[in-house]
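Here's a quick walk through a model, starting from one residue and working outwards. Have the sequence and the 3D view open as you read.

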Amino acid sequence: MNETQIVTNERTSAPLVGILTGSPSDLAVVEKARTTLEELGVPCELRVLSAHRTPDLTLEYVRSAEERGLEVLIACAGMAAHLAGVVASNSQLPVIGVPLAAGPLSGLDALLSTVQMPSGVPVATVAVDGARNAGFLAARIVARKYPDVRERLQAAAAVEIKRYEDIATDNQKPPTS
Ligand code: AIR
């Protein structure tokens, strides 16, 4: 995949969430944001854009995002991760930052670069490699407007609760032998 290729999901409806990531090398982790959104029925698009390597294309994408109908942006990057900050300073859409564990510092550099934003330019930063939670958070934001997404979030939460309750119940059983 080249650095500007758009990867859209299979849904026909227009994307509500735009996922940006700094490099093709990030995709194994970043795909989790996309699959989470797809599980929750939230149309999204994923694009490889770097604040440092393709700054003009990044700004073009971010500045046109709102008028194209996007409602939330997820920005993922490793190392000197300025992508989420650049996105938040060029759009009034809510921005979720995902610091990635790339390079010798294993994500600590990306975490600090993403989370320590100046006031007035917020980035809601999730955990290092927290792409799945970025998907859930984006879904919660759009769920304020789309009740079907809220219902799917609730159903997904119920499945998780049941799964861990079953595990806890099994733990209480005495060993069979
Ligand atoms: N990156 C790309 N442009 C700016 C930054 N910070 C990040 C990517 C990736 C890391 O640098 O998001 O996590 C290494 O990228 P690459 O392409 O060298 O593998």
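## Starting at Val 86

Val 86 sits in helix α3, which covers residues 83–88. This is a predicted model, by the way, so everything here is computed from predicted coordinates. Is Val 86 buried or exposed? Val 86 counts as buried, because 22 other C-beta atoms lie within 10 Å and the cut-off for burial is 20 or more.

Who does Val 86 touch once residues up to four places away in sequence are set aside? The answer is Ala 51 and Thr 58. For a sense of scale, take Leu 46: it is 40 residues from Val 86 in sequence, and the two C-alpha atoms are 17 Å apart in space.

## Next door: Val 87 and the core

Move along to Val 87 and you are in the largest nonpolar core, which has 47 residues. Val 87 is among the members that touch the most others, along with Val 17, Val 42, Ile 74, Ala 75 and Ala 138.

Leaving out neighbours within four places in sequence, Val 87 is in contact with Leu 20, Val 62, Leu 73, Ala 75 and Val 95. Ala 75 therefore shows up twice, as a contact of Val 87 and as another of those well-connected core members.

## The chain as a whole

Zooming out, the protein chain has 6 helices and 6 strands. Reading from the N terminus, the order is β-β-α-β-α-β-α-β-α-β-α-α. Of the 177 residues, 38% are buried. Look at contacts between residues at least 6 apart in sequence, and 70% of them join residues at least 24 apart.

How does the radius of gyration fit a compact globule? A compact globule of 177 residues would come out near 16 Å, and the protein chain has 18 Å, so the two agree. Along the principal axes, the C-alpha atoms fill a box of roughly 65 × 40 × 35 Å.

## Two helices: α4 and α6

Helix α4 (residues 108–115) has Ala 110, Leu 111, Ser 113 and Thr 114 as its buried residues. Their cover includes β4 (72–78), β5 (95–100), β6 (124–125) and α3, and that last one is the helix that holds Val 86.

Helix α6 is another story. Just 1 of its 26 residues is buried, so α6 lies largely in the open. Its length checks out too: at 1.5 Å a residue, residues 147–172 should span 38 Å, and the end C-alpha atoms are indeed 38 Å apart.

## Two odd phi angles

Ser 106, in the loop between β5 and α4, has a positive phi near 55 degrees without being a glycine. Ser 106 counts as partly exposed because it has 14 C-beta neighbours inside 10 Å.

Asp 129 is also not a glycine, and its phi is positive at about 65 degrees. You'll find Asp 129 in the loop between β6 and α5 (131–143). This residue is buried, with 23 other C-beta atoms within 10 Å.

## Around the ligand

Which residues come closest to the ligand? Gly 22, Ser 23, Ser 25, Ser 50 and Gly 78 do, out of 16 that surround the ligand. By class, that shell has 7 nonpolar, 7 polar and 2 charged residues.

Note on methods. Residues numbered from 1 in each chain as written. Predicted model: local features only at pLDDT ≥ 70, side-chain atom pairs only at ≥ 80, totals over all residues. Near = placed C-beta within 6 Å. Nonpolar A, V, L, I, M, F, W, Y, C, P; charged D, E, K, R; others polar. Core = buried A, V, L, I, M, F, W, Y, C linked by C-beta atoms within 7 Å. Buried ≥ 20, exposed ≤ 12 C-beta atoms within 10 Å, placed from the backbone. Contact = placed C-beta atoms within 7 Å. Helix = DSSP H or I, 4+ residues; strand = E, 2+ residues; numbered from the N terminus. Rg over C-alpha atoms; globule rule 2.2 N^0.38 Å. Expected span 1.5 Å × (residues − 1).
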